[in-house]
Structures are given as C-alpha cells and as structure tokens.
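Colleague: Hello! Could you show me the model and then take me through some of its helix packing?

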Amino acid sequence: MHIVDYGEDNGYVDLAATIFSLLSDPTRLRIVLALKDGELPVGQIADRLCRRLTVISQHLAKMRTGQLVTTRHEGTRVFYRLADEHVSALVDQAIYQAEHIVDAFPEHHRAPAGNGGAADGRDDAAPSGAPSQTLKASDTPDSEDHHD
C-alpha cells in the first residue's frame, strides 16, 4: 500500500511523528532490538542493555503508553513484548538507513557467506572491508552518548 494522503486531515501523519519521537532515544531502539525475538521481563532487558532497572522501566512505560509494547503478568513479574511487527520493522529500516549513511555498501546489501552475489540480487557485491564514508554516528549533532 502506498500512502498518498499527506494533507492536514490525515491524523495518521501526526501519530506517525509521535511514534518516531518515541523511538528517537537510543535506549528505546535497543529495547526494541532486545524484544525482537520475543517477550522478556524488565530485569532481563536491563541486564542485556547494561542499564539500571529503573531507567529501563521508565522507557518501557513511555513505550507502553505509546502502544509500542504490551505486557503480560505472571505472578509478580511483568513481561514486555513488541505490540506488533511494525515496531520492529521501523527500527530495522532506521538501522538500515544509518548503515547507508556510514557505509558506501552497507552490510544489509552484502551477500550472505557463500551466496556469490549481493543480497539485493546485484552482482557487484563489495568485500566486507568495503570503504566507508566519513560520516559516523558520533559525528551527527544529536549523537551525544546517552548515559543513564
């Protein structure tokens, strides 16, 4: 489906901007990546991301309010999972775009080992040591280290 209605009456555009705003934090992106394989309790998310439990809980609360994650209770434990496959797809696409900014021939376009061609069907697959562009994530204006 191709979305062509970008006028003021399309409330989905405003809602999409809110979703991007919720995903604009590196910790929240990492939470989505951690939940791609299934639900996890908040403690395991915090351990995987090497962040304090309280910090992860605050991020998850915002993500839950924005309906990016849902919960399941088991006794006193709360398990979090992605609300749907679109949350993961948004983050995947953002990471892919970041790869394009940093690398002239990003990893997601390279062929898996032994395939003999690029993952996108092209025959001009670059070796894994392909030259990268000079822009790095640390060079962008809003890429300060986010420490808890």
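Colleague: Thanks! In which hand does α3 pass α4?

Modeller: Happy to help; this is a predicted model, where local features need pLDDT of at least 70, side-chain atom pairs count only at pLDDT 80 or more, and totals for chains, interfaces and linings use all residues. Residues are numbered from 1 along each chain as its sequence is written, and side-chain values use heavy atoms, with hydrogens and water left out. Helices (H or I, at least four residues) and strands (E, at least two) are DSSP runs numbered from the N terminus. A crossing is left-handed if the near helix is turned anticlockwise from the far one by less than a right angle, and right-handed if clockwise; for α3 passing α4, the crossing is right-handed.

Colleague: Which residues make that contact?

Modeller: Contact means heavy atoms within 4.5 Å. From α4 come L53, I56, S57 and L60, and from α3 come V42, G43, I45, A46 and L49.

Colleague: How are α3 and α4 oriented to each other?

Modeller: Axes are lines fitted to C-alpha atoms over the stretch in contact, with angles from 0 to 180 degrees between N-to-C directions. The axes of α3 (residues 42–49) and α4 (residues 53–65) come within 9 Å and cross at roughly 115 degrees. Angles under 35 degrees count as roughly parallel, over 145 as roughly antiparallel, 65 to 115 as roughly perpendicular and the rest as oblique. α3 and α4 are therefore roughly perpendicular.

Colleague: Why do the buried residues of α3 lie on the same side?

Modeller: Buried means under 20% relative accessible area, exposed over 50% and partly exposed in between, with a 1.4 Å probe and protein chains only. The buried residues of α3 are V42, I45, A46 and L49. They share one side of α3 because they cover an arc, taken from the directions from the helix axis to the C-beta atoms, of only 100 degrees.

Colleague: Which exposed residues sit on the face turned away?

Modeller: The buried side of α3 is covered by elements including α2 (26–35), β1 (40–41), α4 and β3 (77–82). The face of α3 turned away from that buried side carries D47 and R48.

Colleague: And is A83 buried or partly exposed?

Modeller: A83 is found in the loop between β3 and α5 (85–102), where A83 touches Q67, L68, V69 and T70, not counting residues up to four places away in sequence. The relative accessibility of A83 is 32%, so A83 counts as partly exposed.
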